[in-house]
Structures are given as C-alpha cells and as structure tokens.
Amino acid sequence: MRVISGKFKGHRLVSVGTRNSIARLRPTSDKVRESIFNLLSCDKVVIGAHVLDLFAGTGALALEALSRGASKITLVENSRFSLNILRQNIALLDVGDKAKVIPQDATKLGKNQGKRATVLFLDPPYGMMLGERAFSQIIKGGWLSDRATIIWEENAPVNPPDGFALKTTRKYGDTYISILNTTTNVT
C-alpha cells in the first residue's frame, strides 16, 4: 500500500494485506483509491478540504487526501489494531500536526466541537448497516459542512439519505463507490 499522488507520492504505508481476518481490515486498494481521487479531482473538492474519515482503518484514504492538498484530516477508528497502524502511517508521513485521531466507534460520535468536514470518507464493514448508523450520527452531531462531498464505500449501491444527491456510483469488483453531495443545509 502506498500514497498514489501528491506531496507524498510513492511513500509506502504500513499495510495489513488486502484482507486481514484477525482485524477484519479491508483496505481500499491502490486502484480503487486512484479511481476515487480521479473522480474527486474534477470538482477540486480535496484541495483545502477538512476531511473526516469514518472507519478509517489504516488511514490510507485520508492520508491520500492530505497528500493531494487537504488541509486537515480527522480519522475515526475504534480497533486498537487499526489505530496502531493508522498512527504509524501518520508518523511515517510526519503529518501529526494535520491529523486528528478519534479512537471511538464511528456510530457513536457525539456533537462536533471543531470545524465541519467538507469531505467525508465512509468505509464501514460491508453489509452491516454501520454506514447508515454512522452517517445519521454525524448529521445529528453537526460534523458536515453545508457543501460536503461524501465518498461511501460499500458492497452495494447506496441510496442517498434526505438532503443528499447521488452524483455517481462506480463498481470495482465487490466494491461500490458512491459519491454524494449535500442538497440542503445539514445543520
């Protein structure tokens, strides 16, 4: 696993392989990450963005965004195994000043006390409805800006919740990437 483009292009990240049965990690492949960021580059939403990464795992998505010009990343993860890898990856790139780690269950986030995210990566364990639960909590907690872009990775296409429009869905093997945009104020 490596950073694909931007300031940290080519830097290797700590990896757990494509499917780690003990930690149940399923890192987004380099190919899929590259496709996601190609889609996002058209709208230039990453440059200067405050990124929120739920179910962050290794942190590869948020770190790729930081490499491509995001200003701040907030990573939410509750697995100790994943948190260890995520923190190692932050240290490898020496971006601790731009990365905030919240060691918590993404479905139980409370009220946001900081800046609202303009980009959300949502990559929950597949087929468990955890993405929907986490998304509901971040809306209630005021974590998203009124002009947010959501990148939702799941094993099936996502139906956009009220207040959000589906921009595109792409399929890569057993992975669906759905990109949503806000259509109304989410506050």
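This note comments on strand 7, its pairing partners and the nonpolar cores of a predicted model.

1. Strand 7, which spans residues 175-182, deserves attention for its burial: 7 of its 8 residues are buried, so the strand is largely enclosed by the rest of the structure. Buried is taken here as under 20% relative accessible area.

2. On the side of its pairing with strand 5 (residues 144-154), strand 7 runs antiparallel to that partner, and 6 bridges join the two. Within this pairing, I151 stands opposite I179 of strand 7.

3. Strand 7 also pairs with strand 6 (residues 164-172), again in the antiparallel sense, and here the pairing extends over 8 bridges. I179 appears in this pairing as well, as the bridge partner of T168, having I151 of strand 5 opposite it in the other.

4. The hairpin formed by strand 6 and strand 7 has 2 residues between the strands, and in this hairpin G173 takes a positive phi near 65°.

5. The largest nonpolar core comprises 33 residues, and those with the most contacts inside it are I36, V51 and F121. At least two residues of this core are supplied by each of helix 1 (30-41), helix 2 (60-67), strand 2 (72-76), helix 3 (80-93), strand 4 (117-122) and strand 7. Helix 2 gives the largest share, with 6 residues.

6. Apart from that core lies another, of 22 residues, which includes L54, L109, I138 and I150. Strand 7, for its part, is among the elements that each supply at least two residues to the 33-residue core.

Key: Residues are numbered from 1 along each chain as its sequence is written. This is a predicted model: local features need pLDDT of at least 70, side-chain atom pairs count only at pLDDT 80 or more; totals for chains, interfaces and linings use all residues. Side-chain values use heavy atoms; hydrogens and water are left out. Buried means under 20% relative accessible area, exposed over 50%, partly exposed in between (1.4 Å probe, protein chains only). Helices (H or I, at least four residues) and strands (E, at least two) are DSSP runs, numbered from the N terminus. Two strands pair if DSSP finds at least two bridges between them. A nonpolar core is a set of buried Ala, Val, Leu, Ile, Met, Phe, Trp, Tyr and Cys residues joined through side-chain atoms within 4.5 Å.
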